[in-house]
Amino acid sequence: MTISQIAFLKGHGTENDFVIVPDPDNAVGLPASAVARLCDRRAGIGGDGLLHVVRSAAHPEARAMADEAEWFMDYRNADGSVAEMCGNGVRVFAHYLQRAGLVEQGDLAVATRGGVKKVHLAKNGDITVSMGRAVLPAESVTVTVDGRSWDARNVNMGNPHAVAFVDDLAHAGDLLSEPSFGPAAVYPDGVNIEFVVDRGPRHVAMRVHERGSGETRSCGTGACAVAVAAARRDAADPAVTGAPVTYTVDLPGGTLVITEHPDGGIEMTGAAVIVAEGMIDPAWLETLNG
């Protein structure tokens, strides 16, 4: 199929930024090489990842979810690899759908590789995403940076996380390369690694190395994993106490509010912004499809 024009937008959620490619019919070829170039901050548009906006019925990985969610977030990491979920990405994805007039204020469902996510678009612009339940695998893990090691909490939010509580966020190093973790067999497909410090009661700050993207300004699933790990550390597991617990999570790019309920459901609230839109040169993109 010949495509004469390919639209894109640029958006972010707490400065976790994304290239957005609306493609309802799943007609635009986006191999890993093209995604990586589009996300390149010098040779492309630039972003921590890419949000490919496709109708669920038009994508083979989402057709089974089409009855629940009209739209599928075909999310890619900045290196072009496929990812299960991106919490900030879901907020930006939903904001785009509302901006484009494809959905209205209120509740909607978004299909992802991590399952169908429920989203609420509030009047004040905040977007709340029901992130599902955390899984806490039993395996012990260790994270190491510059010869310093920490025990980390293994948390899965539809994608894998290792959460390490540290005394100073500078202990995470420059995060230009992936911190070491072990045992490697626990995360055969890689892992997102969070470094966390306390700021006050039910208030933490974090930095994150996202697999396939490096350090990012924010990570929604990472903030959820951090809140879950903090609640267990603080003896505030809602399943045990019977009461919801809310953590404020400061990230380099802004603040997210995470609430975990006694039934295990986790909600993430924050803002999303669209900053630009334009057209991708289809001839340039074609040179990357080989």
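Q: Arg 211, is that buried or exposed?
A: In this predicted model, Arg 211 counts as buried, at 13% relative accessibility.

Q: Which side chain does Arg 211 meet in a salt bridge?
A: That of Glu 84, with an N to O distance of 2.5 Å.

Q: And where do Glu 84 and Arg 211 lie?
A: Both are in loops: Glu 84 between β4 (71-77) and α2 (87-99), Arg 211 between β13 (203-210) and β14 (214-216). The two are 127 residues apart in sequence, so the pair ties together parts that are distant by that count.

Q: What about the accessibility of Glu 84?
A: Glu 84 is at 26%, which counts as partly exposed. So this bridge has a buried Arg 211 and a partly exposed Glu 84.

Q: OK, Arg 233 next. Which partner does it have in a salt bridge?
A: Asp 198; the side chains meet at 2.8 Å, N to O.

Q: Which elements does that pair link?
A: Helix α3 (residues 220-233), which holds Arg 233, and strand β12 (residues 192-200), which holds Asp 198. The two residues are 35 apart, and the pair links distant parts of the chain.

Q: How do Arg 233 and Asp 198 count for accessibility?
A: Arg 233 is partly exposed at 37%. Asp 198 is also partly exposed, at 45%.

Q: Which residues are joined into one network by salt bridges that share partners?
A: Lys 10, Asp 17, Arg 41 and Asp 48. Within that group, the side chains of Asp 48 and Arg 41 meet at 3.0 Å, N to O.

Q: Is Asp 48 buried or exposed?
A: Asp 48 counts as buried, with 8% relative accessibility.

Q: How many salt bridges in total?
A: The count comes to 16. The bridges discussed here include Glu 84 with Arg 211, Arg 233 with Asp 198, and Asp 48 with Arg 41.

Q: Switching to cysteines. How many disulfides are there?
A: Zero, from a search of the whole structure.

Q: Why is Cys 39 too far for a bond?
A: Because the closest cysteine sulfur, in Cys 86, is 11 Å from the sulfur of Cys 39, and a disulfide needs the sulfur atoms within 2.5 Å. Cys 39 counts as buried, at 4% relative accessibility.

Q: What is the nearest cysteine sulfur to Cys 219?
A: Again that of Cys 86, 6.5 Å away, and Cys 219 is in no disulfide.

Q: Cys 219, buried or exposed?
A: Buried, with a relative accessible area of 3%.

Notes: Residues are numbered from 1 along each chain as its sequence is written. This is a predicted model: local features need pLDDT of at least 70, side-chain atom pairs count only at pLDDT 80 or more; totals for chains, interfaces and linings use all residues. Side-chain values use heavy atoms; hydrogens and water are left out. A salt bridge is a side-chain nitrogen of Lys or Arg within 4 Å of a carboxyl oxygen of Asp or Glu. Buried means under 20% relative accessible area, exposed over 50%, partly exposed in between (1.4 Å probe, protein chains only). Helices (H or I, at least four residues) and strands (E, at least two) are DSSP runs, numbered from the N terminus.
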